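Colleague: I should be grateful for a close look at one part of this protein, chosen as you see fit, with its setting in the rest of the chain explained.

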Amino acid sequence: MTITSAGRVDRTAVLPLEPTEEERVLRSTVSDIVGRFGHSYYMERSRSGEPMRELWELLGKSGFLGLNIPEEYGGGGAGLTELAIVLEELSARGCPELAMVLSQGIAGSILPLHGSAEQKARYLPGIASGAEKFVFALTEPDAGSNSHNVTTSAQLDGDEWVIRGTKYYISGVDHCDHFLLVARTGTNEATGRGRLTLFIVDDPNIAGLERQPIPTALQAPERQFTLFFDGVRLPADAVVGEVGHGLRPLFDGLNPERVLSAVICTGVARYALDRAVAYTTQRQVWGVPIAAHQGVQHPLAEAAIELEAARGMVWRAAALFDAGRPAGEEANMAKFLASRAGLKALDTAIQMHGGNGLADEYGLADLWGIVRLQQIAPVSTQMVLNHIAQHTLGLPRSY
């Protein structure tokens, strides 16, 4: 095992035919921990808007939140694959955790590669233990998927950056400790595109920052917010990477974000199919279990097939990333397949429950929003197709 120039563990990108014993133990252990809480715990926190604090803390104490963080900063020194296994098992027991996508996935991938020595020492141990959470502030009302069009500005005033602008649909900022912020620090005169810089905002309650909740139909512990920056001042050392080159570190967080988004979907799909199989084998109509009918079996079988196809691409993308190989196409494909497979499995499970599929008691319908969200964020299905058309098929850029 060697370390690449990018700082990642250099592992051969090989997908085993069978799970290793280490993977089996990891999955079983995490599943047992989440099982102590169950989906009712997730439902309760979704209604209250409070984080799954007790589950998060137990996972952190057990070492499962820092698997992708280097060992010298208190992490497990493993990779995205192991972190994705943890999140899939959380989701498969009915407790999908968006905070892992943002804190461990994005910040935990960017900072080891692009953070200064001081930033790594300051923030990575907290990410690894779960004691400190990051969220991510990129999207804006008028920028959407076009990150180059970000208008939130950062201007240097002496030895401080002054931030002005608005961010939109920022998840979980009410329960985070820090957040990564993308802001415009200049304009490329040749292209008109913004020169973007990535910052760490150390305090989500910093002077000059206001937040406004966005009412949504999404049921999840993480709420959505609009952020208003009115002269927020950040120190010069808040910059991650180089000024004007914020997309470089940002892109190193996008593939983990897509893979972790995908395993939320595959995990929920597993949860939904398990529920559907149990229900249809017990529910009897006209003297036989409804699972005996092809009209029930075939939709569930189709959902299972599509789920396994999606999972194959998910683990391929994670293996490539962990090996330091290009993984952009595979990560986008994984998210595309998993978001569709997850929604189909969940919808099929709801249908097989009949009216009970909408009852809180059966714990299915409340997960629809978080799975449906993955076709919109962190990258929309249409933008994934644009990426594949251009980079895989070599078609002209269409946007």
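Modeller: The following account concerns the third domain and what surrounds it.

The model is a predicted one. The domain assignment divides the protein into domain 1 (21-132), domain 2 (136-243) and domain 3 (247-392).

I begin with the contact between domain 1 and domain 3. Their C-alpha centres lie 20 Å apart, and 30 residues of domain 1 are in contact with 30 residues of domain 3. Between them the two domains bury about 2400 Å², of which 70% is on carbon and sulfur atoms. On the side of domain 1, His39, Leu80 and Glu88 supply 24% of the area buried against domain 3, more than any other three residues.

A record also bears on this partner of domain 3. UniProt, in an unreviewed entry, places the feature "domain: Acyl-CoA dehydrogenase/oxidase N-terminal" at residues 20-130. In the model, that span is 70% helix and 0% strand, and its end C-alpha atoms lie 26 Å apart.

Turning to domain 3 itself, one may look at how its helices and loops meet. A search of the whole structure finds six aromatic pairs. One of them is formed by Tyr279 and Tyr362: the ring centres are 5.6 Å apart and the planes stand at 90 degrees, over the 60 degrees required, so the pair counts as edge-to-face. This pair links distant parts of the chain, since Tyr279 belongs to helix α7 (residues 247-282) while Tyr362 lies in the loop between α9 and α10 (368-373), 83 residues apart. The two tyrosines may also be described by their accessibility. Tyr279 has a relative accessible area of 11% and is therefore buried, the limit being under 20%. Tyr362, at 21% relative accessibility, counts as partly exposed.

Helix α9 (residues 328-352) contains Ser339. Because its relative accessibility is 0%, Ser339 counts as buried. Leaving aside neighbours within four places in sequence, Ser339 is in contact with Cys265, Val371, Gln374 and Gln375.

Finally, two arrangements of a charge over a ring may be noted outside the assigned bounds of domain 3 or at a residue beyond them. The charged end of Arg397 sits over the ring of Tyr399, 4.1 Å from its centre. The charged end of Lys133 likewise sits over the ring of Trp56, at 4.5 Å from the ring centre.

Definitions and conventions:
Residues numbered from 1 in each chain as written. Predicted model: local features only at pLDDT ≥ 70, side-chain atom pairs only at ≥ 80, totals over all residues. Heavy atoms only, no water. Helix = DSSP H or I, 4+ residues; strand = E, 2+ residues; numbered from the N terminus. Buried < 20%, exposed > 50% of the residue type's maximum accessible area, 1.4 Å probe, protein only. Contact = heavy atoms within 4.5 Å. UniProt positions renumbered as here; feature names shortened; annotations may be inferred. Phe/Tyr/Trp six-rings, centres within 6.5 Å; stacked < 30°, edge-to-face > 60°. Lys NZ or Arg CZ within 6 Å of the ring centre and 35° of its normal. Domains from an automatic or database assignment. Buried area = accessible area lost by both parts, 1.4 Å probe.
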